[in-house]
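Please look over the sequence and the structure shown here before reading on. The report that follows takes up the core, the sheet, the ligand shell and one loop residue in turn.

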Amino acid sequence: MTAGRSCRRLEPRHYGTTIAAAEEAVMGLYGERVLPRIINAACGMKTAEPLRRRVCEGLAGDVVEIGFGSGLNIPFYPAAVTQVAAVDPAEVGWKLADKRLRATTVPVQWSGLDGQSLPFADDSFDAALSTWTLCTIPDPDAALRELRRVLKPGGTLHFIEHGLAPDEGVRRWQRRIEPVNKRVFGGCHLTRPVVDLLTTAGFTITELDVFYEKGAPKFAGADSLGVALSP
Ligand SMILES: C[S@@+](CC[C@H](N)C(=O)[O-])C[C@H]1O[C@@H](n2cnc3c(N)ncnc32)[C@H](O)[C@@H]1O
């Protein structure tokens, strides 16, 4: 027996708060350590590579990438990109990007944690990149406002995002599945209206392709790929 130590029985009235605290701790660990690895595997599929190549086409100059993740776009940055400011809250993602970071000639710096509040001066960037990220950022309007602020006038946002499907039948499934999807995939929404979000933020869409992504279930693969101009 250890002198001076005793096991205190937990009062039933404390069960709720204890379970909630344990759940929060597990979810925190899942979000920080496990989820970035799941995203790295799921988003790193070969089938996404042609889409990454397309969305990165035409990027040039100083670029800010929100939702950088594990740097899966790095191999597709064109040579005309002078540097990339990577923004993402997940430290594990940055570590998973290591091999790609070492293989590229484009300087990439982990420069911020939150797309909703960018640590850059107004008119800092020639272009921005967001791939499958507006689904997850808690306040996408704030993130797009921030991109408008840090982009130079005439700067472009290159995007591919999944969101609200064009067909009502698929939308019904999206609404049903969204609560579980958000919980499992770190807040990933299925029903965000990508084009409306961009135009409401004041972007002018100059190129747009809306399609269902091959190999993905329609509810999670209703993609909008294009370029939006910040006037
Ligand atoms: C589905 S993943 C996409 C990752 C990457 N863009 C890709 O194409 O592989 C969504 C990313 O958004 C990031 N994210 C979540 N909240 C964010 C925020 N407030 N600001 C910036 N990125 C955020 C997540 O950490 C995650 O890396």
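Which residues of the largest nonpolar core touch the most other members?

## The nonpolar cores

In this predicted model, the largest nonpolar core holds 40 residues, and those that touch the most other members are Val 63, Val 64 and Ala 128. The elements that each contribute two or more residues to this core are the helices α2 (49-56), α5 (140-150) and α7 (194-200), together with the strands β1 (61-66), β2 (81-87), β4 (125-131) and β5 (151-162). Of these, β2 gives the most, with five residues.

Val 64 may serve as an example of how the core is connected: leaving aside residues up to four places away in sequence, Val 64 touches Ala 85, Val 87, Phe 120, Phe 125, Ala 128 and Val 150. A second core, separate from the one just described, consists of five residues, among them Leu 190, Phe 219, Ala 220 and Ala 222.

## The sheet and the helices across it

Seven strands form an open sheet with mixed pairing, and their order across the sheet is β3-β2-β1-β4-β5-β7-β6. At the edges stand β3 and β6 (204-212), each of which pairs on one side only, while the twist from one strand to the next averages 20°. Within the sheet, β1 and β2 run parallel and are joined by six bridges, and Glu 65 stands opposite Ala 86 in β2.

Two helices can be placed against these strands. Helix α2 lies across β4, β5 and β7 (222-229) and runs at about 165° to β5, whereas α5 lies across β1, β4 and β5 and runs at about 145° to β5.

## The shell around the ligand

The ligand is surrounded by 19 residues, of which the closest are Cys 43, Gly 67, Gly 69, Gly 115 and Thr 131. By residue class, the shell divides into nine nonpolar, eight polar and two charged residues.

## Ser 124, a loop residue

Ser 124 lies in the loop between β3 (108-112) and β4. Is Ser 124 buried, exposed or partly exposed? Ser 124 counts as partly exposed because 15 C-beta neighbours lie inside 10 Å, whereas a buried residue would need 20 or more and an exposed one would have 12 or fewer.

When residues up to four places away in sequence are not counted, Ser 124 touches Asp 62 and Val 150. Ser 124 and Lys 152, although 28 residues apart in sequence, are 6.1 Å apart in space, C-alpha to C-alpha.

Terms used: Residues are numbered from 1 along each chain as its sequence is written. This is a predicted model: local features need pLDDT of at least 70, side-chain atom pairs count only at pLDDT 80 or more; totals for chains, interfaces and linings use all residues. A nonpolar core is a set of buried Ala, Val, Leu, Ile, Met, Phe, Trp, Tyr and Cys residues joined through C-beta atoms within 7 Å. Helices (H or I, at least four residues) and strands (E, at least two) are DSSP runs, numbered from the N terminus. Two residues are in contact if their C-beta atoms, placed from the backbone, lie within 7 Å. A residue is near a molecule or strand if its C-beta atom, placed from the backbone, lies within 6 Å of it. Ala, Val, Leu, Ile, Met, Phe, Trp, Tyr, Cys and Pro count as nonpolar, Asp, Glu, Lys and Arg as charged, and the others, Gly among them, as polar. Two strands pair if DSSP finds at least two bridges between them. Axes are lines fitted to C-alpha atoms, for helices over the stretch in contact, and angles run from 0 to 180 degrees between N-to-C directions.
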